[in-house]
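Here is a short, friendly note to read alongside the structure. Keep the 3D view open and find each residue as it comes up.

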Amino acid sequence: MFKKFSIGYLIVILFCSFIFAGISVSPTKQELVLKGLDKNKTSAEFVVENKGLLDETVYITTRDWENSPNNMEVNVSSWLTVDVSSFVIKPYESKTVKCSVDLPGAAGSGYVSAMVSFTTVKDSVNNVISLPVYVIKYITENKEYTPFSVSNFKNAFVNDKFVMTCDVVNKSNFYFRPKLKYTLKKGKDVVFEYEVLNTAPVYAMNRRSFSSGFFEGTLKNGKYIMTVEVDVDGTIKTKTVEFRIDKKK
C-alpha cells in the first residue's frame, strides 16, 4: 500500500533529436522538477533553428499521447500551452518557443503526456518533428517501497550467441527507468557480466523486456547460474536461475 506524503513531484521530460530540411529543434533532453502538492505550474523552452538557405514558416500543433489509467480523461489542452502556433524564421536564425504547463486539479497521481509537433508544411504529415512531453506527478510515492516485479527471466541462443532477457513489470502509478545488471557464472567464476544503465521507461501498469546483450564466447558443458539485478530508484530486486548445458560430443 502506498503511504501518503506531504510533498509531491511534477516532472516534465522533453525529448528531441530531429532535423529536416533546414529546421532543427533542441534540447535533446530536459527535465524539470516541482516540489509540493500545491505546485502544478512550470515551463520549458524549445529552440528552433533554421540551418537552411530559405525562409521557413514553422507550424506547431499539440495532441494527446499516453496517460496513466487514472488520467485518461485529462486532455492536453487543459494542461499544456505553446506560446505561438506559427512563425517565420530566416536562414541561420533561431526562435525560442515557450511551453507552459499548468496541471489541472483533475489530474491525479500518475502521469499525462502529449506530442508537440513542428512542421514547415501546414497540415502536412510529412516533414514533421514530433516531441513527446511527459508530466508525472507523485503524490503517494514511497521511496522505501517501489511496486515493481521481475518476471520471465530466461536465456536463449541467437545465432550461437548467448543472451539473457527479463521483463520488468511496473505496478505503480508513475513511470521509472530501471538499471539492470546481468551476471552469468559457472561455479564461482564469472563468465559474462553486462550492465544496462540507460534504459527505456517502463510506464505505469505496463511491462518492458530488457536484454543482456550478446555473449559470443563458447559455453562448456556443465551447470550455470545466471542472475539479474534490477534497481529502481534504490530499490533492488534479484532473480537467479540455474541451467545446464550438455552438448553431444
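The points below cover one sheet, some aromatic pairs and two charges over rings.

1. A word before starting: this is a predicted model. Please keep that in mind through all the points that follow.

2. Begin with the sheet. Strands pair through backbone hydrogen bonds, either parallel or antiparallel. Here three strands make an open sheet, in the order β12-β13-β16, and their pairing is antiparallel. The edges are taken by β12 (148-158) and β16 (207-211); each has a single partner strand, so one side of each has no neighbour in the sheet. On average, neighbouring strands of this sheet are turned by 20° against each other, direction ignored.

3. Now look at one pairing within that sheet. How many bridges join β12 to β13? There are nine, and β13 spans residues 161-170. To see the two strands facing each other, find asparagine 155, which stands opposite methionine 164 in β13.

4. Next come the aromatic rings. A pair of rings is described by the distance of the centres and the angle of the planes. The model has eight aromatic pairs. One of them joins phenylalanine 148 and phenylalanine 176: the centres are 5.9 Å apart with 65° between the planes, which makes the pair edge-to-face. This pair links distant parts of the chain, as phenylalanine 148 belongs to strand β12 and phenylalanine 176 to the loop between β13 and β14 (179-186), 28 residues apart. Are these two rings buried or exposed? Phenylalanine 148 is buried, at 2% relative accessible area, and phenylalanine 176 is buried too, at 4%.

5. Compare that with tyrosine 224 and phenylalanine 243. Their ring centres are 5.6 Å apart and their planes lie at 15°, so this pair is stacked. It also links distant parts of the chain: tyrosine 224 is in strand β17 (residues 222-232) and phenylalanine 243 in strand β18 (residues 235-245), 19 residues apart. Tyrosine 224 has a relative accessible area of 2% and phenylalanine 243 one of 13%; both count as buried because the cut-off is under 20%.

6. The stacked pair has company. Tyr224 and Phe243 belong to one aromatic cluster together with Phe157 and Phe162.

7. Finally, look for charges placed over rings. Which ring lies under the charged end of lysine 95? It is the ring of phenylalanine 87, with the charged end 5.8 Å from the ring centre. Likewise, the charged end of lysine 161 sits over the ring of phenylalanine 214, 5.9 Å from its centre.

Note on methods. Residues numbered from 1 in each chain as written. Predicted model: local features only at pLDDT ≥ 70, side-chain atom pairs only at ≥ 80, totals over all residues. Heavy atoms only, no water. Pairing = 2+ DSSP bridges. Helix = DSSP H or I, 4+ residues; strand = E, 2+ residues; numbered from the N terminus. Axes fitted to C-alpha atoms, helices over the stretch in contact; angles between N-to-C directions. Phe/Tyr/Trp six-rings, centres within 6.5 Å; stacked < 30°, edge-to-face > 60°. Buried < 20%, exposed > 50% of the residue type's maximum accessible area, 1.4 Å probe, protein only. Lys NZ or Arg CZ within 6 Å of the ring centre and 35° of its normal.
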